[in-house]
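Please keep the model open in a viewer while reading. The stops below are given in the order in which they may be selected.

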Amino acid sequence: MSGIAKFEKVSPAQFAAGMKNNFENMSDAEISSAYSAIKLPKRATSGSAGYDFYSVLDFELSPGETINIPTGIRVKMEPMWALLIYPRSGLGFKYRLQLNNTVGVIDSDYYYSDNEGHIFIKITNDSRENKTVALKQGDGFAQGIFTRFGMTVDDDADEIRNGGFGSTSKGGRRDG
């Protein structure tokens with residue numbers, strides 16, 4: 001199978017904007033350090049379906065707590081492909097760690113959005129056993145799986161994306 005995608009870091013400015021929007025008390029030096037430590041997603045083994053996403057900061061989540069993590073990652077994909085984001089299975093099993101939107105869907109045209117296609121992953125510790133999850137910078141916390149998709153024979157979508165979360169249902173702009 002030939003490659004269909006490539007992970008990249010977003011620009012330092014885009015990452016800083018995402019971090020400041022979610023972590024108001026982080027200093028510029030802390031954000032710069034987090035940016036330097038970003039690891040591109042990768043598979044753990046040759047048989048792994050998922051590409052691990054790594055935390056850009058240390059954090060703890062008590063039961064019921066939520067965090068929105070700017071990953072600093074974007075992905076360029078071939079058309080007719082999507083990246084599906086899930087929690088790492090071990091964290092889901094041990095802590096009921098879950099994505100707030102259940103499964104994240106990263107469309108191939110998200111790469112071209114004004115926010116550089118910056119992938120954010122919002123997770124909640126839904127532990128019913130009073131377990132706190134603690135992750136360090138560089139720990140894997142989510143995984144992305146590429147999937148090919150089809151279209152109906154009468155599909156007539158011609159909108160152009162220009163935005164992030166929820167933008168495809170708002171009617172994007174048309175070129176021309």
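Begin by selecting Glu-116, which is partly exposed because its relative accessible area is 21%, a value just outside the range for buried residues, which lies under 20%. The coordinates come from a predicted model. Glu-116 sits in the loop between strand 8 and strand 9. Its backbone deserves inspection: phi is near 65 degrees, a positive value in a residue other than glycine. Most residues other than glycine have a negative phi.

**A second stop in the same loop**

Move along the loop between strand 8 (104-107) and strand 9 to Ser-108. Is Ser-108 buried or exposed? With a relative accessible area of 16%, Ser-108 is buried. To see what surrounds it, display Met-77, Glu-78, Pro-79, Met-80 and Trp-81, with which Ser-108 is in contact once its neighbours within four places in sequence are left aside.

**Met-80**

One of those contact residues, Met-80, is the next selection. Met-80 belongs to the loop between strand 5 and strand 6. This residue has a positive phi of about 75 degrees although it is not a glycine. Its relative accessible area is 23%, so Met-80 counts as partly exposed.

**Strand 5 and its partner**

From Met-80, turn to strand 5, residues 73-77. Four of the five residues in this strand are buried, which leaves it mostly covered. Now add strand 1 (residues 5-9) to the selection: strand 1 and strand 5 run antiparallel and are joined by five bridges. For one residue pair in this arrangement, pick Lys-6, whose bridge partner in strand 5 is Lys-76.

**Strand 6**

Next, select strand 6, residues 81-87, and within it Ile-85. Ile-85 has a relative accessible area of 2% and is therefore buried. Which residues does Ile-85 touch, not counting those up to four places away in sequence? They are Phe-53, Leu-99, Thr-102, Val-103, Gly-104, Ile-106, Ile-121, Ala-142, Gln-143 and Gly-144. A distance label from Ile-85 to Gly-3, 82 residues apart along the chain, should read 19 Å between C-alpha atoms.

Tyr-86 also lies in strand 6. In a regular strand the side chains alternate between the two faces of the sheet. Tyr-86 is partly exposed, since its relative accessible area is 29%. With residues up to four places away in sequence excluded, Tyr-86 touches Leu-99, Val-103, Ala-142, Gln-143 and Ile-145. Tyr-86 and Leu-97 are 11 residues apart in sequence, and their C-alpha atoms are 9.9 Å apart in space.

**Helix 1**

Select helix 1, residues 12-22, and colour Gln-14, Phe-15, Ala-16, Gly-18 and Met-19, which are buried. Against which elements do the buried residues of helix 1 pack? Their packing partners are helix 2 (28-36), strand 4 (66-70) and strand 9 (120-125).

**After strand 11**

Proceed to Ile-160, in the segment after strand 11 (140-148). Ile-160 counts as partly exposed because its relative accessibility is 32%. Draw a C-alpha distance from Ile-160 to Tyr-112: the two residues are 48 positions apart along the chain, and the separation is 9.5 Å.

**The whole chain**

Finally, clear the selections and view the entire chain. Its secondary structure comprises three helices and 11 strands. Starting at the N terminus, the order of elements is β-α-α-β-β-β-β-β-α-β-β-β-β-β. The radius of gyration is 17 Å, close to the 16 Å given by the globule rule for 176 residues, so the chain is as compact as a globular protein of that length. The C-alpha trace spans about 50 × 35 × 30 Å along its principal axes.

How much of the chain is buried? Buried residues account for 40% of the 176 residues. Among contacts with a separation of 6 or more, 76% are between residues 24 or more positions apart. With the surface displayed, the accessible area is about 10,200 Å², of which 48% belongs to carbon and sulfur atoms. Colouring by charge shows 20 positive and 22 negative side chains, and the centres of the two sets lie 6 Å apart.

Methods. Residues are numbered from 1 along each chain as its sequence is written. This is a predicted model: local features need pLDDT of at least 70, side-chain atom pairs count only at pLDDT 80 or more; totals for chains, interfaces and linings use all residues. Side-chain values use heavy atoms; hydrogens and water are left out. Helices (H or I, at least four residues) and strands (E, at least two) are DSSP runs, numbered from the N terminus. The radius of gyration is taken over C-alpha atoms; the globule rule is 2.2 Å times the number of residues to the power 0.38. Buried means under 20% relative accessible area, exposed over 50%, partly exposed in between (1.4 Å probe, protein chains only). Contact means heavy atoms within 4.5 Å. Accessible areas come from the Shrake-Rupley method with a 1.4 Å probe; for residues, only the protein chains shown count as cover. Lys and Arg count as positive and Asp and Glu as negative; His and the chain ends are not counted. The place of a charge is taken as NZ of Lys, CZ of Arg, CG of Asp or CD of Glu. Two strands pair if DSSP finds at least two bridges between them.
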